[in-house]
Amino acid sequence: MRGQPVHARAGLLQQRLDAGTHHGMGHDPIVPPDLPFHGRKRCGTTRTVTSVPVVAVFTAYAELAHRVLARPARLGRTRLVAVDGPSGAGKTAFAARLADALAATGAGRAPVVHTDDLLDGWDGQLTFWHRLESSVLAPVRAGQAGAYQRYSWVRQVFLPDPVPVPAAPVLIVEGVSAARAEAAADLSLAVFVTAPQPLRLTRAVARDGPGILPELRRWHLGEQEHFRADDTRSRADLVVDGAPTLPHDADRYYLRMAGGDVDRRPDPAMRAAAPGKAGIRFRP
């Protein structure tokens, strides 16, 4: 793959994936030539790395959807999935893709509640939970449909028309502090999506304009303090890189990171990654 443009390498990776040549099937890990290798040794398609021990494990949203459905329901008969992480990390995109994957199983598309819709403006960063509990979680826990009023960031009021939330097999709640410790007893899966702070800031400004910068910087400090006190990332079942640079199909695969496991047991791909090894591995 050396010397090929990125789109060609991505196509070759996809061909190998579709052919079943991913980890766990007797094939060497696929290593991108543009990773920063120093002091490397080369043998076939495997390179030994002395300074950058990295194994990139891409997992299919389809697989995660099946795992979610296989998990016990803890919010009444509903499996509650919390997608947490700092602002601009990619939580909304992850939640939407997981909802699409759940729909493809035949179980129906999971409703997605965005906690930004429950905030009372910038000052409601962490104080929205009582609205989520009374309007959504409590009814769904009882097997009934919930409904909430969505906050308008333009008009700075809660809109009168309720947004319905059915008591579906899976409910996804997405936003900062969605996987807070307070919710642990109800959660079937806690996901933490992360990305570098400069990129997150750039994404937010591109989406909402530079006028939000003063409030956004204050918001970032608040979420950092919350995550530190809540220990959210270390409690997560799954930690996701919301800004992967390696070639992959972003609608089908996400990049797992060390620090969480959807099965609460060591990932075979991570376990197989000896110190000093680098590569791309796919879980279909």
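Is Glu182 buried or exposed? Glu182 is exposed, with a relative accessible area of 57%, where exposed means over 50%, buried means under 20% and partly exposed lies in between, for a 1.4 Å probe and protein chains only. The structure is a predicted model, in which local features need pLDDT of at least 70 and side-chain atom pairs count only at pLDDT 80 or more, while totals for chains, interfaces and linings use all residues. Residues are numbered from 1 along each chain as its sequence is written, and side-chain values use heavy atoms, with hydrogens and water left out.

**View 1. Salt bridge between Glu182 and Arg180.** The closest N and O atoms of this pair are 3.7 Å apart, a salt bridge being a side-chain nitrogen of Lys or Arg within 4 Å of a carboxyl oxygen of Asp or Glu. Whereas Glu182 is exposed, its partner Arg180 is buried, with a relative accessible area of 8%. A search of the whole structure finds 12 salt bridges.

**View 2. Salt bridge between Asp208 and Arg207.** Here the closest N and O atoms lie 3.1 Å apart. Asp208 is partly exposed at a relative accessible area of 44%, and Arg207 counts as exposed at 57% relative accessibility.

**View 3. Salt bridge between Asp230 and Arg235.** The side chains of these two residues meet at 2.3 Å, N to O. Asp230 is buried, with a relative accessible area of 13%, while Arg235 is partly exposed, with a relative accessible area of 27%.

**View 4. Network of Asp123, Glu215 and Arg218.** These three residues are linked to one another in a network of salt bridges.

**View 5. The largest nonpolar core, with 27 residues.** A nonpolar core is a set of buried Ala, Val, Leu, Ile, Met, Phe, Trp, Tyr and Cys residues joined through side-chain atoms within 4.5 Å, and in this one the residues with the most contacts inside it are Val113, Leu132, Val136, Leu137 and Leu171. At least two core residues each come from β4 (79-84), α4 (129-141), β8 (170-174), β9 (187-194) and α6 (213-230), helices (H or I, at least four residues) and strands (E, at least two) being DSSP runs numbered from the N terminus. The largest share of this core, five residues, is supplied by α4.

**View 6. Surroundings of Val113.** Leaving aside neighbours within four places in sequence, Val113 is in contact (heavy atoms within 4.5 Å) with Leu118, Leu132, Val136, Tyr148, Val165, Leu171, Ile172, Val173 and Glu174. Apart from the largest core lies another, of 24 residues, among them Tyr61, Leu64, Ala65 and Ala110.
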